[in-house]
Amino acid sequence: MGRRVVVVGAGQAGASLTAKLRDLGHDGSIALIGDEPDPPYQRPPLSKKYLLGEMERERLYLKPERFYAEHDIALIKGEPVIGIDRSRQEVITAAQRVPYDVLALTTGSRPRLLPKEMGGDLEGVYAVRTLADTDAMADAFRPEHRVLIVGGGYIGLEAAAVARARGLHTVLIEAAPRILGRVAAPETADYFRALHRNNGVDLREGVGLRRLVGDGRVREAHLADGAVLEIDFAVIGIGIDPAAELAEAAGLTIDNGIAVDGRCQTSDPAIFAAGDCASFPWEGGRIRLESVQNAIDQAEHAAAVIEGAETDYRPVPWFWSDQYAARLQIAGLNTGYDRIITRPGLREGSQSVWYFRGERFLAVDAMSDPKSYMQGKRWLEAGASPPPDALADPDRALKSLV
Ligand code: FAD
């Protein structure tokens, strides 16, 4: 009899891992256990097309529901896993104990919520993580409404773009000195600040939220600079934390998420982890990526190791974000950069921001500039670096540089 694989967390990584296992010919049983009511679905449209009302619910699903049965994957929905019994090799839900030979944790991450003392429990205060979250707030995106968006990361900026496309009065506040402070260079932030202001967002940086106030439902936002805004609802996009509680309670090593090695194995070799919840070795340290690319690639890597592969996970990360008509594409990781080169794109509104450490090319942010993104990605895959000074010359064609 083949080994029994149980995967906890039926999201992007869980769906990829189980499908890949079957692809690779896994002949034991596979169970995919999730706490949400829907089959695994893609999250990016939740703050983009789906929130705009331009995408059907079923199109969010990563595979049609029948796929799982057809591939002999037991999909268990709406059933939170509440514990792992490592000595008996069983996962525990309120209804059952499911035995495993190999366990994979793909539990994703959870949005940071506004604390109750700051009005986080008022009606009309929304996070954006699940389909249920987006369904709950969709009706509030009406032209006559005023929205406050808290947080100038990608989720907050995307929600602001949807709000403006729907004609709402939109204020976005960022407590840090600038938007995208954690993830992008000032040059990229400048591009998106201008884009949002040109589209009518009242974007305020260096301004925190003191609290939201209301009579059960949110009515006002009191900002740290003393301003008081009348609002109809608020969207909170202040970051996420890895969903690592299960792993922690089971005694696995935690280090900015569930710590795995290059093989996606946790401190218990029978337990793997992948996706948003897992941190993995990277350039002498450890990183955790919050992206579709990583969820898929790391999960597929874990599946390959479960089936006997002995290689380490070496991603070339990529990410995208859609705001208005602009598409940001990122290749690579900019961690540790000390030099920035910007290049105008060929079309109006297109631009690229290139990150270097010394002479080494690390990453590119390409704004409505797919050619720069593709070229940057190719260089990263080949381990090549264009000379920064030549790259800075807009008259030099990218292809001529390496
Ligand atoms: P998830 O997809 O979150 O899946 C984890 C699943 O595990 C969830 O269903 C969760 O409920 C479940 N779970 C957790 N604990 C338990 C438990 N104890 N028992 C059972 N089930 C459990 N990435 C991009 O690259 N580009 C984008 O443009 C982009 N946009 C995004 C927009 C939004 C609104 C959001 C929320 C994310 C976006 N991302 C984007 C990030 C991307 O969606 C995530 O990185 C990806 O979904 C991670 O996959 P995952 O499988 O690790 O986690």
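**Exercise 1. The ligand shell**

Task: Determine which of the 33 residues around the ligand come nearest in this predicted model, and describe the shell by class.

Solution. Step 1: The ligand is surrounded by 33 residues, and those that come nearest are A13, D35, E36, K48 and R129.

Step 2: Sorted by class, the shell comprises 15 nonpolar, ten polar and eight charged residues.

Step 3: Three elements each contribute at least two residues to this shell, namely α1 (12-23), α8 (292-306) and β22 (318-323).

**Exercise 2. Polar atoms at the ligand**

Task: State what distances separate oxygen atoms of the ligand from polar atoms of A13, E36 and K48, and how much of the ligand's accessible area the protein covers.

Solution. Step 1: For A13, the atom concerned belongs to the backbone; this polar atom is 2.7 Å from an oxygen atom of the ligand.

Step 2: For E36, a polar atom of the side chain lies 2.5 Å from a ligand oxygen.

Step 3: For K48, an N or O atom in the side chain is 2.6 Å from an oxygen atom of the ligand.

Step 4: On its own the ligand has 1,000 Å² of accessible area, of which the protein covers 95%.

**Exercise 3. An open sheet**

Task: Establish the order of the strands in the open sheet of three strands, and identify its edge strands.

Solution. Step 1: The order is β18-β20-β21, and the pairing is mixed.

Step 2: β18 (258-259) and β21 (285-287) pair on one side only and are therefore the edge strands.

Step 3: Strand β20 (residues 278-282) runs antiparallel to β21, and three bridges join the two. Within this pair, F280 has I287 of β21 as its bridge partner.

**Exercise 4. Strand β25 and its partners**

Task: Explain why strand β25 is described as largely enclosed, and describe how β25 pairs with β24 and with β26.

Solution. Step 1: Strand β25 covers residues 351-357, and five of its seven residues are buried, so the rest of the structure largely encloses this strand.

Step 2: Strand β24 (residues 339-344) is joined to β25 by six bridges in an antiparallel arrangement. Here I341 stands opposite W354 of β25.

Step 3: The hairpin of β24 and β25 has six residues between the strands, and in it G349 adopts a positive phi near 85°.

Step 4: Strand β26 (residues 360-367) also pairs with β25 in the antiparallel sense, over seven bridges. One bridge partnership links Q351 with M367 of β26.

Step 5: Two residues lie between the strands in the hairpin of β25 and β26, where G358 has a positive phi near 60°.

**Exercise 5. Two strand residues**

Task: Decide whether E90 and L103 are buried or exposed, and describe the surroundings of each residue.

Solution. Step 1: E90 is found in strand β5 (residues 90-93). Its relative accessibility is 13%, and because buried means under 20%, E90 counts as buried.

Step 2: The side chains of E90 and R97 are joined by a polar contact of 2.6 Å. With neighbours within four places in sequence left aside, the contacts of E90 include G83, I84, D85 and Y100.

Step 3: L103 is found in strand β7 (residues 102-105). At 0% relative accessibility, L103 is likewise buried.

Step 4: Under the same exclusion of sequence neighbours, L103 is in contact with V6, V8, I84, V91, A270, I271 and F272.

Step 5: L103 and D268 are 165 residues apart along the chain, and their C-alpha atoms are separated by 9.8 Å.

Definitions and conventions
Residues are numbered from 1 along each chain as its sequence is written. This is a predicted model: local features need pLDDT of at least 70, side-chain atom pairs count only at pLDDT 80 or more; totals for chains, interfaces and linings use all residues. Side-chain values use heavy atoms; hydrogens and water are left out. A residue is near a molecule or strand if one of its heavy atoms lies within 4 Å of it. A polar contact is a pair of N or O atoms within 3.5 Å; within protein, one must be able to donate a hydrogen and the other to accept it, and residues adjacent in sequence count only if both atoms are side-chain atoms. Accessible areas come from the Shrake-Rupley method with a 1.4 Å probe; for residues, only the protein chains shown count as cover. Helices (H or I, at least four residues) and strands (E, at least two) are DSSP runs, numbered from the N terminus. Ala, Val, Leu, Ile, Met, Phe, Trp, Tyr, Cys and Pro count as nonpolar, Asp, Glu, Lys and Arg as charged, and the others, Gly among them, as polar. Buried means under 20% relative accessible area, exposed over 50%, partly exposed in between (1.4 Å probe, protein chains only). Contact means heavy atoms within 4.5 Å.
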